[in-house]
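Student: Could you take me slowly through one part of this model, and show me how its pieces are placed against one another? I would like a careful description that I can follow with the structure open beside me.

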Amino acid sequence: MEGNLKIDISETNRGKEQIIIDRKFKYNFSKLKKDNTKIYRCTEYKTLNKCKSFIILNDNKEDLNYESSHNHPGNEINTSKSLIKHKIKDEIKKSLIPSDIKSKRIYDKISQEIGYICPEYKTIKTQITRYKNKQLFPNVKTFDKVPNESEYYKTIRAKLFMENKHIFADGTFLIAPTNSYQVFITRTYVTELNCFYTISISILKNKEQTTYEILFNEIKKNIIKYNANINFSEKIFHCDFEKGISNAIINDKKNKLCYKEVKDHNILNTYYKAISNLCFINIEYIPDIFNKIKNTCKRYESTCSQFLNFLDYFEKTFLNIYNIKYWNYYNNINHITNNASESYNSYLKNLFIKKPSFYKLIYTIQFEESKSYYNYRMRIKGIWRKKSRISERVDEINILVEYIKIWKPN
């Protein structure tokens, strides 16, 4: 046994443990003794050299017996090549997203530690790329090939879902894998922390009603797993009220014509704006207000036909088909937009240069969701400071609404 040995741990091309001594000689595992010590033999043992050198190590990789007589010279370049490949592979194994590992950056860092004997990156690049690809599952080509259950799926944050009343949902098409339609994300607002947190991320194949029903049933199942005796409390669900409703107001040609008709007419322009403010009016007054607007506009039918068409659509959709309480904010003025979800979708989009593969998306959203939940735990325990609330425009609106509630006309 010799002292001052420098022992490095590496691995063979087949992934088996390998020992490197003094960065000159490589030893492969040969035998496990009864006392659990391991015998490693020089890699030249099975070649024409028939090198007799060996080393015996305990579980702590301390040398118990070392036969250092070699019949061949050491190879610093070869051992350094094995060592640097092992270190890069180890970093890839540790990564949640192996495809995002920058092998060259790791090489540059490790090569400085090894010194001048380090091999060129191009001599190991192919092997490292091949190894990285092996760590990834093959891309899912069609939605039907998506596995029903996987270790890569996270259940929803049932505790966050149950303890908070407001749920914000929005879908994004920009980061959806090519085999799917959209990524649907739900978030909640924790009032005491003044923060939004993600509670579920789902990959959907379309945006049909049946798909959403399946999704919400899955959410319920996960909540029951969290607490089988739970009683579902009422939730306020914030989402785009109707398909393309925002784009309809801004981009639809008919609505542009509608606005053109009323913008220069003082009375009609006032009513045009009043429609968008109905969500802040007491539900009891909305039908009467709407009828007054529509009846007044009929007097100007010859000049505002497009606006009247819009009022017919509004009446049919928002007053008859849907219950007014689903879109009215009179008693819930604190959250009047779905910006919490839309801004998060924008953040996720910036994480990808192009549409990700199925598993890369799973790796990424797992990591992002875990960061979000870690933030929640640190703040709820008081380790991190709670965010202070900043006065917003909504506060002014809230004051006006509260004033209207107590105001009584003569």
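Tutor: What follows is a close look at helix 8 and its surroundings, with a few single residues at the end.

Please keep in mind throughout that this is a predicted model. As a setting for the part we shall examine, the chain has 13 helices and ten strands, and of its 410 residues 39% are buried. If we take the contacts in the chain with a separation of 6 or more, 58% of them are accounted for by residues 24 or more positions apart.

Let us begin with helix 8, which covers residues 266-276 and in which Leu 268, Asn 269, Tyr 271 and Ile 275 are buried. When you look down the axis of helix 8, these buried residues fall within an arc of 160°, and so they line one face of the helix. The face turned away from that buried side carries Asn 266, Lys 273 and Ser 276, which are exposed.

Next comes helix 9, made of residues 286-298, whose axis comes within 11 Å of the axis of helix 8 and crosses that axis at roughly 150°. Because angles over 145 degrees count as roughly antiparallel, this crossing makes helix 8 roughly antiparallel to helix 9. The crossing in which helix 8 passes helix 9 is left-handed. On the side of helix 8, the contact is made by Ile 267, Leu 268, Tyr 271, Ala 274 and Ile 275, while helix 9 contributes Phe 290, Lys 292, Ile 293, Thr 296 and Cys 297. Sorted by character, the residues of this contact are eight nonpolar, one polar and one charged. Leu 268, Tyr 271 and Ile 275 are thus named both among the buried residues of helix 8 and in its contact with helix 9.

In the loop between helix 8 and helix 9 you will find Phe 280, a residue that is buried, with a relative accessible area of 19%. Although Phe 280 and Asn 328 are 48 residues apart along the chain, their C-alpha atoms are separated by 6.4 Å.

From helix 9 we can go on to helix 10, residues 305-321, since the axes of these two helices come within 10 Å and cross at roughly 160°. Helix 9 and helix 10 are therefore roughly antiparallel to each other, and their crossing is left-handed. Here helix 9 makes the contact through Ile 286, Phe 290, Ile 293, Lys 294, Cys 297 and Lys 298, and helix 10 through Phe 307, Leu 308, Leu 311, Asp 312, Phe 314, Glu 315 and Leu 319. The residues of this contact divide into nine nonpolar, no polar and four charged. Phe 290, Ile 293 and Cys 297 of helix 9 appear in the contact with helix 8 and again in the contact with helix 10.

Finally, a few residues of the strands and their loops deserve a look. Ile 203, in strand 9 (residues 195-204), is buried, with a relative accessible area of 18%, and its C-alpha lies 6.2 Å from that of Phe 184, a residue 19 positions away in sequence. Asn 194, in the loop between strand 8 and strand 9, has a phi near 55°, which is a positive value in a residue other than glycine. Lys 61, likewise not a glycine, has a positive phi of about 60°; Lys 61 lies in the loop between strand 5 and strand 6 and is partly exposed, with a relative accessible area of 25%.

Terms used
Residues numbered from 1 in each chain as written. Predicted model: local features only at pLDDT ≥ 70, side-chain atom pairs only at ≥ 80, totals over all residues. Heavy atoms only, no water. Buried < 20%, exposed > 50% of the residue type's maximum accessible area, 1.4 Å probe, protein only. Helix = DSSP H or I, 4+ residues; strand = E, 2+ residues; numbered from the N terminus. Arc of directions from axis to C-beta. Axes fitted to C-alpha atoms, helices over the stretch in contact; angles between N-to-C directions. Parallel < 35°, antiparallel > 145°, perpendicular 65-115°, else oblique. Left-handed = near helix turned anticlockwise from the far one by under 90°. Contact = heavy atoms within 4.5 Å. Nonpolar A, V, L, I, M, F, W, Y, C, P; charged D, E, K, R; others polar.
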